[in-house]
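Colleague: I am new to this structure and would like to be taken through it. May we look at it together?

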Amino acid sequence: ASRCAGDPHEKHRVATSLELLYDLVFVVAFSVAGSEFAHAVAAGHWLTGLGAFVFCLFAVIWAWINFVWFASAYDTDDWVYRLLTMVQMAGVSLLALGIPAIFHSFEEGGVLHNEVLVAGYVVMRLALLAQYLRAANRDRGRRRVLMTYVVNWGIAQIGWVVLLFAHIRLPWAIVLAVPIYALELVTPWLAERRGGMPWHAHHVAERYSLLAIISLGEGVVGTIGALTLLVDRGWTADAVILLVAGMGLTFGMWWTYFLMPMGEVLHVRRSRFNAFSFLHMPIYMAIAAAGAGLRVVSYLLDRSDVDFPVLVTPLGAVLSVAVPVILFVVIVFALYAYLVRTTSAHDAFHAALLGIVVAVAAAGVAVVAAGGPVMIGVLVVSFAPAVMCAAFELRGHRHLEEE
């Protein structure tokens, strides 16, 4: 082992090749969840599809987050650490395989068939808990902190296993899952109150930005998948507009996310790590949902190669893109406001900018609601992140430096 615990002030700490390899399995999970969500929305099952999408991506993102914070503090990179990471990757792969069954269960409304997803989640968590036990054995000074994770998350895994074999109908399964998830989520807060782990702020911020890029990949996949359906019969104006809108939207969301130097801010305000983590979860979901929305638009435009009834309306299709984009921008603003202490003048500037961005996205929806072409509406929506990026480049950098 190269070290017992990491140095939170280490210079030039970057993501390792093992961490990048670990992230690959999450590419699959995001892709499967996005595809299933697009199918559900296009088929008119947007409410059940949304519930399944949030349920699945919550488990996926939470699994990823927990590995990131531990690896930032205790990446010993010895053979045991590597093998346990491989087991976690296998667990996440199982989790991804269980996503379609979750969507089917939400749509049918019967027994929640979460066997594969929960099995993968528990396998991944047990391997992570083994790493926490190794760290607790070596880092005696933080043993109480590390054992908080082991005990609380160990109890949570027992709860998931019980829920797995209970075969409970969907509404009650969700109700019973709430206290288990609550225990999972409160554990990092409890552990930090007892001293916390020596995580590296810049490393953590880089890792979070890498998952943002992975979730943005769903926008690229959604655009290419949509184009594949549209260009089978030749290039049309709709296909060209979709290419411009999809790539422009993905690029604009990337630019928006990377406007704030999160590593520097998190390094100064380490106590705000919980909000940093929790606000990123809906950010990732919104990014992936926007990519799924592009697929919904393509299903609406060309139904010939789709093996399910497409019942979504033009307004519903443009909303499937606009709503995630608006949520993404609003949550990024909320994260910015919480991490960076701003003056009232700067708050007014940010509020006005946020209002303009939301208005642009809403204008795209209004175009379709008034009877306009759905692709024009999507194109207008794709301009929303660009408006924020342009305003920040003109004035925002000066505000950020002052704050």
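Modeller: The following exchange goes from the overall fold to single helices and residues. Please note that this is a predicted model.

Colleague: Thank you. How many helices and how many strands does the protein chain have?

Modeller: The protein chain has 14 helices and zero strands. Read from the N terminus, its elements therefore run α-α-α-α-α-α-α-α-α-α-α-α-α-α.

Colleague: And how compact is the chain, for its length?

Modeller: It is as compact as a globular protein of that length, because its radius of gyration is 22 Å, close to the 22 Å that the globule rule gives for 403 residues. Along the principal axes, the C-alpha atoms fill a box of roughly 65 × 55 × 35 Å.

Colleague: What share of the residues is buried?

Modeller: Buried residues account for 54% of the 403 in the protein chain. As for contacts between residues at least 6 apart in sequence, 82% of them join residues at least 24 apart.

Colleague: Which residues have the most contacts inside the largest nonpolar core?

Modeller: They are F30, W69, M197 and Y208, in a core of 142 residues. Helix α2, residues 46-74, gives the most to this core, with 20 residues.

Colleague: Why would such residues gather in one place?

Modeller: As a general tendency, nonpolar side chains in soluble globular proteins are buried together.

Colleague: Let us stay with F30. Which residues does it touch, leaving aside its neighbours within four places in sequence?

Modeller: F30 is in contact with L57, V60, I61, L211, I214, S215, E218, Y284 and A288.

Colleague: Now the helices. How far does α11 reach?

Modeller: Helix α11 covers residues 273-301, which is 29 residues, and spans 43 Å from its first C-alpha to its last. The expected value at 1.5 Å a residue is 42 Å, and the helix is close to that.

Colleague: Is α11 mostly covered or mostly open?

Modeller: Mostly covered: 25 of its 29 residues are buried.

Colleague: Where does α12 bend?

Modeller: Helix α12 bends by about 25° at S320, and the proline P324 follows within four residues. This helix, residues 314-339, nevertheless reaches 38 Å over its 26 residues, close to the 38 Å expected.

Colleague: What about α1, and what follows it?

Modeller: Helix α1 takes in residues 17-42 and reaches 38 Å from its first C-alpha to its last, close to the expected 38 Å. It is followed by G44, which has a positive phi near 90°.

Colleague: Which residue has a positive phi although it is not a glycine?

Modeller: D77 does, with a phi of about 55°. D77 lies in the loop between α2 and α3. It counts as partly exposed because its relative accessibility is 35%, between the limits of 20% and 50%.

Colleague: Changing topic, how many disulfides are there?

Modeller: The count is zero.

Colleague: Are C56 and C389 buried or exposed?

Modeller: C56 counts as buried because its relative accessibility is 0%, under the 20% limit. C389 is buried as well, with a relative accessible area of 3%.

Colleague: One last point. Where is A359, and how far is it from A384 in space?

Modeller: A359 is in helix α13, residues 344-369. Its C-alpha is 8.2 Å from that of A384, and the two residues are 25 apart in sequence. A359 is partly exposed, with a relative accessible area of 42%.

Note on methods
Residues numbered from 1 in each chain as written. Predicted model: local features only at pLDDT ≥ 70, side-chain atom pairs only at ≥ 80, totals over all residues. Heavy atoms only, no water. Helix = DSSP H or I, 4+ residues; strand = E, 2+ residues; numbered from the N terminus. Expected span 1.5 Å × (residues − 1). Buried < 20%, exposed > 50% of the residue type's maximum accessible area, 1.4 Å probe, protein only. Core = buried A, V, L, I, M, F, W, Y, C linked by side-chain atoms within 4.5 Å. Contact = heavy atoms within 4.5 Å. Disulfide = S-S within 2.5 Å. Bend = angle between axes of the 7 residues up to and from the residue. Rg over C-alpha atoms; globule rule 2.2 N^0.38 Å.
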